[in-house]
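Q: I'm new to this structure. Please pick one part and walk me through it closely, in plain language.

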Amino acid sequence: MSLQSLSVGRFLLSTVTRRTDCGQFAASLSIRSGSGSGTHDRVFRFIPLFPSRRAAQRYALAQGREYLALPALPA
């Protein structure tokens with residue numbers, strides 16, 4: 001597994017990638033906000049598989065940025 005993080009405003013986006021049995025890479029994304037007992041963490045797992053770890057990370061971060069750009073974040 002590999003982890004990459006990026007701060008966007010008050011949010012921390014962290015990708016997690018893993019190599020699948022078929023040799024491709026799966027991506028997940030954590031979007032965290034707050035601190036201490038007020039921390040909120042939302043985790044997304046994506047369906048597409050990718051030929052490289054870097055491609056999986058780029059996809060997850062792009063999805064996170066799009067999510068944060070929504071006018072009203074879903075609950």
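A: Let's start with a pair of strands: S2, covering residues 11–19, and S3, covering residues 25–33, pair in the antiparallel sense over nine bridges. Two strands count as a pair if DSSP finds at least two bridges between them. The strands themselves (E, at least two residues) and the helices (H or I, at least four residues) are DSSP runs, numbered from the N terminus. Keep in mind that this is a predicted model: local features need pLDDT of at least 70, side-chain atom pairs count only at pLDDT 80 or more, and totals for chains, interfaces and linings use all residues. Residues are numbered from 1 along each chain as its sequence is written, and side-chain values use heavy atoms, with hydrogens and water left out.

S3 is the strand to follow here. With S2 it forms a hairpin that has five residues between the two strands, and Gly 23 in that turn has a positive phi of about 90°. On the other side of the story is S4 (residues 40–45), which runs antiparallel to S3 and is joined to it by six bridges. S3 and S4 form a hairpin as well, with six residues between them, and here Gly 34 in the turn has a positive phi of about 85°.

Now for the end of S2. Arg 19 lies in that strand, and its bridge partner in S3 is Phe 25. Arg 19 counts as exposed because its relative accessibility is 53%; the scale calls a residue buried under 20% relative accessible area, exposed over 50% and partly exposed in between, using a 1.4 Å probe and protein chains only. The side chain of Arg 19 reaches back to the turn, coming to 3.2 Å from the backbone oxygen of Gly 23. Leaving aside neighbours within four places in sequence, Arg 19 is in contact (heavy atoms within 4.5 Å) with Gln 24 and Phe 25. Ser 37 is another matter: it is 18 residues from Arg 19 in sequence, and their C-alpha atoms are 33 Å apart.

Compare that with Ser 33, found in S3. Its C-alpha is separated by 4.9 Å from that of Phe 11, although the two are 22 residues apart along the chain. Ser 33 counts as buried because its relative accessible area is 11%. Beyond neighbours up to four places away in sequence, Ser 33 is in contact with Arg 10, Phe 11, Gly 38, Thr 39 and His 40.

Move along S3 to Ser 30, which also sits in that strand. At 13% relative accessibility, Ser 30 is buried. Its side chain makes a polar contact with the side chain of Asp 41 at 2.5 Å. A polar contact is a pair of N or O atoms within 3.5 Å; within protein, one must be able to donate a hydrogen and the other to accept it, and residues adjacent in sequence count only if both atoms are side-chain atoms. Not counting residues up to four places away, Ser 30 touches Leu 12, Leu 13, Ser 14, Asp 41, Arg 42 and Val 43.

Asp 41 has another partner too. It forms a salt bridge with Arg 32, the closest N and O atoms being 3.2 Å apart, where a salt bridge means a side-chain nitrogen of Lys or Arg within 4 Å of a carboxyl oxygen of Asp or Glu. A search of the whole structure finds one salt bridge. Asp 41 is partly exposed at 34% relative accessibility, and Arg 32 is partly exposed at 39%.

In a regular strand the side chains alternate between the two faces of the sheet. Ile 31 stands opposite Arg 42 in S4. Ile 31 also belongs to the largest nonpolar core, which has 14 residues; those with the most contacts inside it are Leu 13, Ala 27, Leu 29, Ile 31 and Leu 68. Such a core is a set of buried Ala, Val, Leu, Ile, Met, Phe, Trp, Tyr and Cys residues joined through side-chain atoms within 4.5 Å. S2, S3 and helix H1 (53–68) each supply at least two residues of this core, and H1 gives the largest share, six residues. Leu 13 ties several of these pieces together: beyond its neighbours within four places in sequence, its contacts include Leu 29, Ser 30, Ile 31, Leu 61 and Leu 68.
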